[in-house]
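Biologist: Please take a close look at the salt bridges in this model. I would like to know which side chains pair up, where they sit in the chain and how covered they are. Add whatever you can on the cysteines and on polar side chains away from those pairs.

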Amino acid sequence: MASKEVKTLLKKARDSIRNKEYKDALKHCKAALKLEKNNYNALVFVGVCATELGQLEQAQAAYKKASDEDPSQVLAWQGLASLYEKNQEFRQDLAGVYVQLLQLYERGDKLKWKEISLKLCDLYNQQGHFLKGADILEELIKSSEDEAEQYTWWSQIAEMLTEELDRAYQHLTQEEWPYRTQEDLAKHYISYIQFLLKIQVIKETRQRVLYQCQAMAKACPGSAFPLETLGKLWLEDDDAGDAPSVFERLCELEPSSGVGLIGMGCQQMKNKDLSGALQNLEKGLQSSPQCTAGWLYLAQTRLGCHDYSHAEKSSKKGSMSGLSNVIEFHLLVIHAGWLVECICTRRYVVGVTQKQKREDKFRFQTQSQSLSASSLSSQEVFFSLLLCHESSDALSKCSPLIFLCLHRLFLEAIELCEDCALYHFLLGKLYWEMNGNLRADKSKCLAQFLMAARLDPHYSATFLHLGHYYRLAGNDLRRACRCYQKSFDLNPKDDNAGSHLCDLLSQLGEEDAVMGLLSRVTKAAPPGEGKWSWLRLGLYYLRHNDSNNSVTCFQNTLRADLKDRHCWECLGEAYLSRGSYTAALKAFTRATESFVDICYAFFRTAAIKQLLCIFSEAVQEYREILGPKPDYVPALKGLGEACLCLARSALAEDFNSRAVDHVGEGLHALAKAVEVSPGMSCLWKLIGDCCTVLHPVASSSVRYIAVTVLQKCLGNDSVAVAGKKELLSIGTSAYGRALKCLPDCASLWNDLGFSYFLQAKVSHLSFLDMFLDMKVLKKGVSLEPTNHKLWNTLGVVCGSSLVDNPDLSQHAFIMSIKTEPNNVSAWTNLGVLYLKHGKVEPAHDAFKYAQALDPSYTAAWVGQATIAEIIGSDEAADLFRHTTELSSHTESSVGYCHWICTDLLSGDRIKANKPTPSLSHLPTGYRRAVLNASVAMTKYTDRIRGIAGAYNMHGLLLEHQCLYRQAQRAFHSAVKLLEGDSAEQDLLNTVHINHARALSALGRHDEAVAEYLQVKPLTDFYDVCGLALAYYLSGNIAESYRTYEEALQLASTDYEKACVLTALGMLGYKLKELATAKSLLFKRS
């Protein structure tokens, strides 16, 4: 029964393996092994599944257990062989598995036996067991009758057995084989020559190598191997005469041959072509880094190019690459390291190469001793000489005596060693640093630099100073550019040469050359280096409005120097040009962290906060900048502009007094700015904006703004403080000053015209003044007829009552819409114009277009609400309510309040006679409406203080909230506005009544009585009752009784009469007239 289950499980496992469901197969196998723990097939399947699942140790254990269970079966051994072949950690056991398979296949499958034998032979070769591998191949040769196979296997034996290689290769190369191809012959030659190279211990063997290479070159002319081997041998032996032709032929056959390139570089170095030699040697060593001779020649070439640090590195790499020429390499290491140390310690010595020793005829010790008789110490002169070579800044601080001593020293040095380029260079540099006539004298400074360049054309510093000379003294920018280019080509790591070259190319207008240079340098620069190139590339992109690339460049610049504030500022400018204001703010903030005394970064920080509408913080930043620098015009301008923005924000929120304060601070800052720089149009424009921005504010709120400095700048010292009228006049004058600087600026003409219009509304200017205003506005439109804002302003002015030219106003609005169809302001103004002249339907269409363009534009909704009110639509109140929810607007405020007050008066809206602070005396839907309308009217009366009806409605709403003191002030303001106007007597009577009622609620009954008595005539029943009540509350019972008697005569209903009779009865009781009181009370019942 168990055997059937095992078979079933094994069948399922086999099917799962076929379907590559190895986990399921593994489960079936483990289940089978539980039933029969040594089942051979189950163990083999476990090995297969574990191998596929990466469980190598489990697979190995399963295969081994299966092979131990039945060693005569092949499956487990095959699985082990496959496992070991695919995984290197088991390679050491693979040979034993192959041996077992050979034993199993020997009497059966000959092909498998042959395949395993070849694998075993390869394995032995890899493990270095060449004799065992050769034995296997011999067994294969004995069993094979195919001559091609025998030839192949004998070739393999020849490669494995070093002792037999020579004889075998002689057979293979010298005898004729019918099955040998040209490729086989080249292969045998290569192996034979490699064998000879390994055993070359005597001169005869080396000659045999040369002979075989020459023979192979003749027999196989297309092979590069013999030429490469000859090249390597001749690179080690510098006396070979035919080497140049060999290297040339090698480079023709294989252009990327490392040995060929190294050989060509060696010949170029000997011919003084150091740049070409350096290029070929570097390319060659990339392909052949083990060529010690190549490193030697590269080090020599770099020494010739004054690249001492890389020469030392090349020497060290060469000494580590092999054992040949070790002495020469160690000499170069010492020599190059000596030069590096000398340069780093501000010294210079004449070095000694491996084949040439030159006595240093001008040592510094001798120089110092020769000056011992002078007034200077030898240490001082020596130190000064070191400064001359490396530090121009320190040299410029030396005394004149030091200059004279150095000059004499260099002249003596040149006499002793005329062909030393360095001495000529140092003397020329001394002339350059001495400045004056010596710098401009061609026979002095220029002559020495030219001589140094002729003697050593590979010293970059010489050409760098030649570039300085032609740029500053010779005024030859083209030649200076070529000198900088030469210096940078010689030493690409010279940041000074590269930066001067880039700057000069930019100055010459060669932008493409600048881009090419910077692109090459930045691509080659490793991370954290090439600061000058990344910085200038970023500035290049910034000039060409490529913000993204400029940001990347400046970020790479900061990787090289994280503390450079200029780089942080450049990165901030790049972010700013891209529109990434928050990132720009962080960059400028980072620039200010370590350098608290810099002004520009703080200014840009404030400017960005202003762009981000963080005006309060921007104002604070500007104030901090102006503390140490009160005349810094950009900060003064920024402060004025930020205060103007704060004022506009305050006006939008109806904080009028706050807006006046902000304008005052802004005008103070801008006045100081124009005092320092009176010729800047933008400053005068901002002054005009500050003066005109307060035009919606009531005249009584615009007081005590100090404008003394502005008046002085405008040539008028008569007014020290200004109200609204004077402020608008100053704004007009400021726009005029701005136009003197920019007479063709259309927007300034528009601002000037609108300022005239605002001034006319306040000052009641004459027709001539309005004609001038129109002329100014038309001038602006003529300068820029495509500016929709100019047309809109012209339409507003023409549509006003001061000009009253509806045709021109309509034309202007239509032109504004044509120039900018998505113009919500022009559509709304056109609707107002139509509505003003009774054209309701066109007005409705215009407002509808405006709403479609901007559904949140309040003025358009106000227009629709006004139309609804005109036609008597029930939606008027809802429309006015919606306008107050959108934003604050004077017309929406007064319209909404009117509808709320009207609705409260119509019908039975009030539940109780006495108001409550919680507004519980009103229906639920009206409570929030009264609060909103009251807030809206507070804003309205603060902005517009000349409409009595507004104050009256405001007082009524406040009275509903039991805010009697505020209500009394509102009614009092209405009374003041209406006094003396006989045409408004009815409204005045109403306001007097309301005022009296508020005074009565405050307990000021005598004043309430006085207000009631101001009503002429006092004939309304309820008003008379109010007066009677006021008399009573003030303690005048008799007058109250008399007034109630008058009210009884005015009562029109039984209820009114009953109420009055009750009051009379109570007052009669108070007056001790009990019979009369009793009689009155009986009448009431």
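Modeller: In what follows, a residue is buried if its relative accessible area is under 20%, exposed if over 50%, and partly exposed in between. The model is predicted.

Begin with the pair that includes Glu959. This residue has a relative accessible area of 9%, which means it is buried. Its partner, Arg997, is partly exposed at 31%. The two side chains form a salt bridge with an N to O distance of 2.6 Å. Arg997 belongs to helix H54 (residues 985-1001) and Glu959 to helix H52 (residues 948-960), so the bridge ties together parts 38 residues apart in sequence. Elsewhere, Lys531, Asp561 and Asp564 are joined into one network by salt bridges that share partners. Over the whole structure, the search gives 24 salt bridges.

Another of these bridges joins Arg943 to Asp654, with 3.1 Å from N to O. Here the two partners are 289 residues apart: Arg943 is in helix H51 (residues 924-943), while Asp654 is in the loop between helix H37 (633-652) and helix H38 (656-676). Arg943 has a relative accessible area of 12% and is therefore buried. Asp654 is also buried, at 12%.

A local case is the salt bridge between Glu885 and Arg881, at 3.0 Å from N to O. Both residues are in helix H49 (residues 876-886), and because they are 4 residues apart, about one helical turn separates them. Glu885 is exposed, with 52% relative accessibility. Arg881 is partly exposed, at 31%.

Now the cysteines. How many disulfides are there? The count is 0. The cut-off for a disulfide is two cysteine sulfur atoms within 2.5 Å. For Cys613, the closest cysteine sulfur is that of Cys645, 7.4 Å away, so the two are too far apart for a bond. Cys901 is likewise in no disulfide, and its nearest cysteine sulfur, in Cys897, lies 4.0 Å away. As for cover, Cys613 is exposed at 53% relative accessibility, whereas Cys901 is buried at 9%.

Among the polar side chains, take Asn823. It sits in the loop between helix H45 (806-819) and helix H46 (824-836). Its relative accessibility is 5%, so Asn823 counts as buried. What does its side chain meet in a polar contact of 2.6 Å? The partner is the side chain of Ser816. A polar atom of the Asn823 side chain also lies 3.3 Å from the backbone nitrogen of Ala826. Leaving aside residues up to four places away in sequence, Asn823 touches His788, Ser816, Ile817 and Leu853. Ser816 is thus one of the residues touched as well as the polar partner.

To end at the surface, Leu1029, Tyr1032 and Leu1033 make a nonpolar patch of about 250 Å². Of these, Tyr1032 is in helix H56 (residues 1021-1034). Tyr1032 is partly exposed, with a relative accessible area of 32%.

To return to your request: the pair Arg943 and Asp654 links distant parts of the chain, the pair Arg997 and Glu959 ties helix H54 to helix H52, and the pair Glu885 and Arg881 lies within helix H49.

Methods
Residues numbered from 1 in each chain as written. Predicted model: local features only at pLDDT ≥ 70, side-chain atom pairs only at ≥ 80, totals over all residues. Heavy atoms only, no water. Buried < 20%, exposed > 50% of the residue type's maximum accessible area, 1.4 Å probe, protein only. Patch = residues over 30% accessible without salt bridge, like charges linked within 9 Å, V, L, I, M, F, W, Y side chains within 5 Å. Areas by Shrake-Rupley, 256 points an atom, 1.4 Å probe, with all protein chains shown as cover. Salt bridge = Lys/Arg side-chain N within 4 Å of Asp/Glu carboxyl O. Helix = DSSP H or I, 4+ residues; strand = E, 2+ residues; numbered from the N terminus. Polar contact = N/O pair within 3.5 Å; in protein donor to acceptor, adjacent residues only side chain to side chain. Contact = heavy atoms within 4.5 Å.
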